[in-house]
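This briefing sets out selected features of one structure, grouped by topic. The sequence and the coordinates are shown first, and the notes follow.

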Amino acid sequence: MFKQPNNGWSDITSYTAKFTVDEGNDEDNVGESVSISSDGSLILVGANGNDAGKGAAYVFKQPNGGWSGDVTTYTTKLTASDGKNGDILGSSVSFCSTTNTALAGAPWAPYTAETAGPGAVYLYQLSPKSTTASTSNISNTSVTVSGTIISSETVLDYGMCYGTRTNPTYCVSKLGTTSSVSVASNVSTSSASLHFTMTLSGLSAGTQYYFRTYATNTYGTSYGDNKTFTTITGGGDDPAQVDAASPLQYGILILLLAGIALAVLQRKKVNPCNSIAKRFKGKDPYDGPFF
């Protein structure tokens with residue numbers, strides 16, 4: 001890597017950084033192709049002779065101190081899961097910074113002893129892939145949501161975003177209750193995924209919400225597709241729980257009514273027991289009605 005001097009480009013022999021690979025072997029052809037992200041923080045280097053000509057590409061992420069000296073530690077190695085000796089993946093490489101994706105060309109894939117080509121181009125998603133799954137246990141103030149995360153690198157943060165408008169940005173992290181996800185550094189073999197569930201609480205009753213998963217790794221943050229749910233209208237968290245509490249509510253109501261009746265009788269200074277006793281006075285209980 002060469003950086004433009006203050007006085008402009010001229011004959012330059014002093015480089016800013018040199019990129020090599022510790023695991024490199026003879027005829028790996030590291031540097032066959034090179035691409036740099038728009039912000040200069042990522043370098044993609046093709047090595048089409050790696051692994052008997054299957055080929056590979058290496059992603060280098062800029063360290064905190066910037067690019068300088070010999071850089072031998074790569075962040076991610078890109079290979080093809082269906083690669084064959086002679087495919088020469090990495091003959092051409094390119095970045096798309098806006099989507100955090102990388103492209104690597106393999107002009108001789110699928111290589112055989114008889115033919116070379118017709119060639120292929122491989123697309124790699126560097127940032128995590130987030131999928132919004134489903135909802136359950138919807139109440140008037142809370143809901144259980146789920147999602148799936150797939151990443152080629154250790155996931156630094158993930159969880160769920162929600163709000164009353166599409167593409168919500170208010171996010172709740174799942175890392176408060178579980179550890180981060182570590183998967184293989186080789187993109188072609190990193191099929192590891194995480195399915196998670198979490199509860200969103202403090203919601204408003206009878207309201208439609210949008211929600212989507214999010215996940216962050218060293219390359220950036222990605223979001224799942226938008227989905228919706230609507231909280232239950234009413235005061236109970238769960239209709240079944242309200243029905244179960246009904247006998248207790250009826251008992252309280254009866255006690256309240258009895259208390260009101262007693263207060264009315266006391267206000268009139270009438271003893272209900274004496275009143276009934278007076279009606280029985282001088283009569284045989286078996287003579288008939290007394291009221």
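**Structural briefing**

Strand S7 (residues 92-96) has two contrasting faces: Val 93 and Phe 95 lie on the covered one, while Ser 92, Ser 94 and Cys 96 lie on the uncovered one. The model is a predicted one. The points below begin with this strand and its hairpin, then turn to two open sheets, a buried lysine, the disulfide and the aromatic rings.

**Strand S7 and its hairpin**

- In a regular strand, side chains alternate between the two faces of the sheet. The residues of S7 follow one another in this way, with Val 93 and Phe 95 on the covered face and Ser 92, Ser 94 and Cys 96 on the uncovered face.
- Cys 96, on the uncovered face of S7, has a relative accessibility of 32% and counts as partly exposed.
- S7 runs antiparallel to strand S8 (residues 101-106), and five bridges join the two.
- Within this pairing, Ser 94 has Leu 103 of S8 as its bridge partner.
- S7 and S8 make up a hairpin in which four residues separate the strands. Asn 100, in the turn, has a positive phi of about 55 degrees.

**The four-stranded open sheet**

- Strands of a sheet pair through backbone hydrogen bonds, in either a parallel or an antiparallel sense.
- Four strands in the order S2-S3-S4-S6 form an open sheet with antiparallel pairing.
- Strand S2 (30-36) and S6 stand at the edges with a single partner strand each, so one side of each is left without a neighbour in the sheet.
- From one strand to the next, the twist of this sheet averages 25 degrees.
- Five bridges connect S2 with strand S3 (residues 42-47) in the antiparallel sense. Val 30 stands opposite Ala 47 in S3.

**Lys 77 in an edge strand**

- Lys 77 belongs to strand S6 (residues 76-78), one of the two edge strands of the four-stranded sheet.
- Is Lys 77 buried or exposed? Lys 77 counts as buried because its relative accessibility is 16%, and the cut-off for buried is under 20%.
- The side chain of Lys 77 makes a polar contact of 3.0 Å with the side chain of Glu 23.
- The side chains of Lys 77 and Asn 50 are joined by a polar contact of 3.4 Å.

**The three-stranded open sheet**

- Another open sheet has three strands in the order S10-S11-S14, with antiparallel pairing.
- Its edges are strand S10 (129-136) and strand S14 (193-200); each has a single partner strand, so one side of each lacks a neighbour in the sheet.
- Direction ignored, neighbouring strands of this sheet are turned by 20 degrees against each other on average.
- Strand S11 (residues 143-150) pairs with S14 in the antiparallel sense over eight bridges. Ile 149 stands opposite Leu 194 in S14.

**The disulfide**

- The structure holds one disulfide, formed by Cys 161 and Cys 171 with their sulfur atoms 1.9 Å apart.
- This pair links distant parts of the chain, ten residues apart: Cys 161 lies in strand S12 (residues 157-163) and Cys 171 in strand S13 (residues 171-173).
- The disulfide of Cys 161 and Cys 171 is right-handed, because the torsion about its S-S bond is about 85 degrees.
- The two cysteines differ in exposure: Cys 161, at 0% relative accessibility, counts as buried, whereas Cys 171, at 28%, counts as partly exposed.

**Aromatic rings**

- The whole structure contains nine aromatic pairs. One of them is Tyr 209 with Phe 229, whose ring centres are 5.5 Å apart and whose planes meet at 20 degrees, so the pair is stacked.
- Tyr 209 lies in strand S15 (residues 208-217) and Phe 229 in strand S17 (residues 227-230), so this pair ties together parts that are 20 residues apart in sequence.
- Tyr 209 is buried, with a relative accessible area of 7%, and Phe 229 is buried too, with 4%.
- Tyr 209 and Phe 229 also belong to a cluster linked by ring pairs, together with Tyr 162, Tyr 170 and Phe 211.
- Tyr 223 has the charged end of Arg 212 over its ring, 4.1 Å from the ring centre.

How values were computed: Residues numbered from 1 in each chain as written. Predicted model: local features only at pLDDT ≥ 70, side-chain atom pairs only at ≥ 80, totals over all residues. Heavy atoms only, no water. Buried < 20%, exposed > 50% of the residue type's maximum accessible area, 1.4 Å probe, protein only. Polar contact = N/O pair within 3.5 Å; in protein donor to acceptor, adjacent residues only side chain to side chain. Phe/Tyr/Trp six-rings, centres within 6.5 Å; stacked < 30°, edge-to-face > 60°. Lys NZ or Arg CZ within 6 Å of the ring centre and 35° of its normal. Pairing = 2+ DSSP bridges. Axes fitted to C-alpha atoms, helices over the stretch in contact; angles between N-to-C directions. Disulfide = S-S within 2.5 Å.
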